[in-house]
Amino acid sequence: MPPPDHSLVRLLSDWLPRQRWFGGKDAPIDELSIGTATELRTGDPALHHLVLDVRQNGTTDHYQLLLGVRRHLPERLHAAAIGEADGHPPITGHVYDAAHDPDLTQVLLEFMASEASAGPLRFRRAPGTGIRTGLEGLPTSAEQSNTSLIFGDAYICKLFRRLSPGVNPDLEVNLALTRQGCAHIAAVHGWAELDPGDPAEPGAEPVTLALLSEFLRTGTDGWQLALTSVRDWFAQPAPPDEAGETGEVTAEDAGEAGGDFAAEAERLGAATAEVHRDLAAAFGVVRTPPEAVRDLVFGMNEQLDQVTAAVPALRPHAHGIRQVFDRVAADASGLEFQRVHGDYHLGQVMRTDAGWVLLDFEGEPARAPGERRAFAHPLRDVAGMLRSFEYAARFLLARDHGLPDGTAEALELRARAWAERNRAAFCAGYAAAGGPDPAAHAALVRAFECDKAVYEVRYEASNRPSWLPVPLRSLARLAG
């Protein structure tokens, strides 16, 4: 490989912080270098695979970039432009993010189909599958931490922008669930990986670069379906009381809306339990001693201390939250832990003609790879989805800041009724399909919900202050 093209490094240092998938926007880049550079296609346009080593605040993160090179950049690619590199060949010319160039993204399909290798890159095809080539891939606009390419109506390819050591949990879990015959995942067709930097390192694993899965062309995002239901419910006339006047709304009233979501919430609960069952079969189950449960509570209290110090609005609820946690520790008994989704909410599921499908088993991106692979109690996922119902119920309220007090209060009651109805339906479906009954583990579910809501407080305070009342309102109820 030729020595680094310093003009390209300068261009990348300026371009990278402006990308929405770049995770280091809160600090300047101290140093950027090109860790690996692999030529995947010659000519015009040319395609190079780069791993960028980005040093910030004493730590180094690694980012993946498909780099396109053209002598003349067509107008359709101007939005993806990085600049004009004047280094030695082959990185000479107009350089850009090739994820936006369908002439080049189809190379990924070709390489996976043939199980090709290029330098330290390895392209794999899932056992027993075939991959259609010649399809053009274009990125979706939905994701932030990764980039997904849609190839016709056949495939979706997730490019992991910020790379983590070893096999990505999304690939690991989906392959394992495929072997279990799980009906609630998108089939894996292929993937790309990078050889470990030091093959002599004990236990070194290849780094997952991309995951090619079935494209769910009939799928509808669970979050959007839920919002449609909330919007329909908010538009319904207020139910009358016995005297014929407007009365308070209840969870049962929320079922009168034309877009009632409860039946789908129940089916989603059942699908979640079935996936948990298959995860347990694929990865096993461990019986944790009471000490492990107390360690879990210690971590919850530790996060609570950190967020309370950073967000004063949480302080009035801290004592009540700690009591919720402490009740779990005081009654600690052994629990069965297993692999779980780890970042479960309505945006991670899709409703297809065949039923609910669970997506994105990558876990919370902010957590270390070991934490994302760690076993946990399956009710942690349940609590994550219950929190998501709370968010869906109040999404429209959080956006509309100019509502009169009376209207805002009435809609808050409706939001509470919608959330209550769908939370109950989800839990019923989960328990009926064989998952641990949330009602029988109410203290544990409540603690998981509080822990998730505390995490949400930190996130909202830093990113969306207008949304801060959503988790705070939930905590007032959970810890009251």
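**Salt bridges and a pocket**

A count over this structure, which is a predicted model, gives 35 salt bridges. Side chains of opposite charge can pair when their charged atoms come close. Three of these pairs serve as examples here, followed by a network and then a pocket.

Start with Asp14 and Arg18. These two residues form a salt bridge in which the closest N and O atoms lie 2.9 Å apart. Arg18 has a relative accessible area of 54%, and since anything over 50% counts as exposed, Arg18 falls in the exposed class.

The next pair bridges a bigger stretch of sequence. Glu193 and Arg124 meet through their side chains in a salt bridge, with an N to O distance of 3.3 Å. The two residues are 69 residues apart and tie together distant parts of the chain. Glu193 belongs to strand β12, which covers residues 188-194, while Arg124 sits in strand β7, residues 121-125. As for their surroundings, Glu193 is buried, because its relative accessibility of 11% is under the 20% cut-off. Arg124, on the other hand, is partly exposed at 28%.

Then there is Arg464, whose side chain meets that of Glu460 in a salt bridge of 2.8 Å, N to O. Eight other residues are joined by salt bridges that share partners: Glu390, Arg394, Glu412, Arg416, Arg423, Glu449, Arg473 and Arg477 make up one network. Back at the Arg464 pair, Glu460 is buried, with a relative accessibility of 1%. Its partner Arg464 has a relative accessible area of 31%, and so counts as partly exposed.

Now for the empty space. Rolling a probe the size of a water molecule over the atoms shows where such space is left. The second largest pocket holds about 630 Å³. Its lining is made up of 25 residues, and those closest to the pocket centre are Leu296, Arg367, Arg380, Phe448 and Asp451.

Which helix gives the most to this lining? With six residues, α7 makes the top contribution to the lining of the second largest pocket. Helices α7 (290-310), α10 (379-399) and α12 (442-463) each supply at least two of the lining residues. Sorted by class, the lining of this pocket has eleven nonpolar residues, nine charged ones and five polar ones.

How values were computed:
Residues are numbered from 1 along each chain as its sequence is written. This is a predicted model: local features need pLDDT of at least 70, side-chain atom pairs count only at pLDDT 80 or more; totals for chains, interfaces and linings use all residues. Side-chain values use heavy atoms; hydrogens and water are left out. A salt bridge is a side-chain nitrogen of Lys or Arg within 4 Å of a carboxyl oxygen of Asp or Glu. Buried means under 20% relative accessible area, exposed over 50%, partly exposed in between (1.4 Å probe, protein chains only). Helices (H or I, at least four residues) and strands (E, at least two) are DSSP runs, numbered from the N terminus. On a 1 Å grid over the protein atoms alone, a cavity is a set of points where a 1.4 Å probe fits but cannot get out, and a pocket is an open set with protein on both sides within 12 Å along at least five of seven lines; lining residues have an atom within 4 Å of a point. Grid points are joined across faces, edges and corners, and a volume is the space filled by probe spheres set on the points. Ala, Val, Leu, Ile, Met, Phe, Trp, Tyr, Cys and Pro count as nonpolar, Asp, Glu, Lys and Arg as charged, and the others, Gly among them, as polar.
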